[in-house]
Amino acid sequence: MPIKVWDYVDEYLDNRDAILEAVDSVFRSGQLILGPRVREFETAFAAYCGVSHGIGVDNGTNALMLGLKALGVTPGSEVVTVPNTAVPTVAAIVAAGGVPRFVDIDRDSYVMDVNLLETAITARTACVLPVHLFGQCVPMSTLGRITSARGIPVLEDCSQSHGASHEGRKCGSLSDLAAFSLYPTKTLGAYGDGGIVVTSREDLDARLRRLRFYGFDD
């Protein structure tokens, strides 16, 4: 017989009343897009990560793509990342107009081998995009020293690492920006799809809020 890798039904039945009340409260609010419940989640999730701002978006791929745009990735820019990741990491780079440039992974952790990072950086590098996986973070202190010395911004892909930490700080607080997926199968998943970008930089918060909704501030 088939074995389900993932199934939300038991969890839903256990929490059905609370879930339906939350859904009903959104319908009754008269605001289906970017309403007060979204703002509550943005604030709470940013605080959980140890940063100042959360910007909710429709999915994790757009969290990455908009994050790259906010950091100044333009057509022809290179973005350094790893091949050991899901398709959306690279799809987001391409959607932002960037060109992926790969660094191999560490053979023990399966995340970016930061000792190889400098070999992948060129004059066209606009961003470094480390991918945290399997409950562990890329060694961000070492990565940060390399990128800071060159003035290269960093966007963390935290789509599979909600709650992971490095040297006492949670992923999402270790760079300029961090993108999380809230796809149903993720560590923190939605009933549907979703994503969020977090940052402590006021300028990036303002830019992302405009990028996610046609340039509007409000």
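A search of the whole structure, which is a predicted model, finds eight aromatic pairs. One of them joins Tyr8 and Tyr191 in an edge-to-face arrangement, with 6.0 Å from centre to centre and 80 degrees between the planes. This pair links distant parts of the chain, since Tyr8 belongs to the segment before α1 (9-14) while Tyr191 sits in the loop between β8 and β9, 183 residues apart. The points below turn to the two sheets, the helices that pack on them, and the pockets.

**The four-stranded sheet**

- Four strands make up an open sheet with mixed pairing, and their order is β1-β9-β8-β5.
- At the edges of this sheet stand β1 and β5 (155-157), each of which pairs on one side only.
- The average turn between neighbouring strands of this sheet is 20 degrees when direction is ignored.
- Helix α4 packs on the sheet and touches β1, β5, β8 (177-181) and β9, and the direction of α4 makes about 165 degrees with that of β8.
- Five bridges connect β1 with strand β9 (residues 195-199), and these two strands pair in the antiparallel sense; within β9, Ile196 is the bridge partner of Gly56.

**The three-stranded sheet**

- A further open sheet consists of three strands in the order β3-β2-β4, and here the pairing is parallel.
- Its edge strands are β3 (99-102) and β4 (125-128), each pairing on one side only.
- Neighbouring strands of this sheet are turned against each other by 30 degrees on average, again with direction ignored.
- Strand β2 (residues 78-81) runs parallel to β3 and is joined to β3 by four bridges, and Thr81 stands opposite Phe102 in β3.
- Helix α5 packs on this sheet, where α5 touches β2 and β3, and the direction of α5 makes about 140 degrees with that of β3.
- As a general point for both sheets, strands pair through backbone hydrogen bonds, either parallel or antiparallel.

**The largest pocket**

- The volume of the largest pocket is about 1300 Å³, and among the 35 residues that line this pocket, those closest to its centre are Val38, Phe41, Ala190, Asp193 and Gly194.
- At least two lining residues come from each of α2 (16-29), α3 (36-49), β1 (53-57), α4 (60-70) and α8 (202-212), and α2 gives the most to this lining, with six residues.
- Sorted by class, the lining of the largest pocket contains 20 nonpolar, 10 polar and five charged residues.

**The second largest pocket**

- About 250 Å³ of space lies in the second largest pocket, which is lined by 17 residues, and those closest to its centre are Ala86, Pro88, Ser159, Ser181 and Lys186.
- Both α4 and α5 (87-95) supply at least two residues to this lining, and α4 gives the most, with three residues.
- The lining of the second largest pocket divides into six nonpolar, eight polar and three charged residues.

**Elements with several roles**

- Helix α4 packs on the four-stranded sheet, supplies at least two residues of the lining of the largest pocket, and gives the most to the lining of the second largest pocket.
- Strand β1 is an edge strand of the four-stranded sheet and also supplies at least two residues of the lining of the largest pocket.
- Helix α5 packs on the three-stranded sheet and supplies at least two residues of the lining of the second largest pocket.

Terms used
Residues are numbered from 1 along each chain as its sequence is written. This is a predicted model: local features need pLDDT of at least 70, side-chain atom pairs count only at pLDDT 80 or more; totals for chains, interfaces and linings use all residues. Side-chain values use heavy atoms; hydrogens and water are left out. On a 1 Å grid over the protein atoms alone, a cavity is a set of points where a 1.4 Å probe fits but cannot get out, and a pocket is an open set with protein on both sides within 12 Å along at least five of seven lines; lining residues have an atom within 4 Å of a point. Grid points are joined across faces, edges and corners, and a volume is the space filled by probe spheres set on the points. Ala, Val, Leu, Ile, Met, Phe, Trp, Tyr, Cys and Pro count as nonpolar, Asp, Glu, Lys and Arg as charged, and the others, Gly among them, as polar. Two strands pair if DSSP finds at least two bridges between them. Axes are lines fitted to C-alpha atoms, for helices over the stretch in contact, and angles run from 0 to 180 degrees between N-to-C directions. Contact means heavy atoms within 4.5 Å. Rings of Phe, Tyr and Trp (its six-membered ring) pair if their centres lie within 6.5 Å; planes under 30 degrees apart count as stacked, over 60 as edge-to-face and the rest as tilted.
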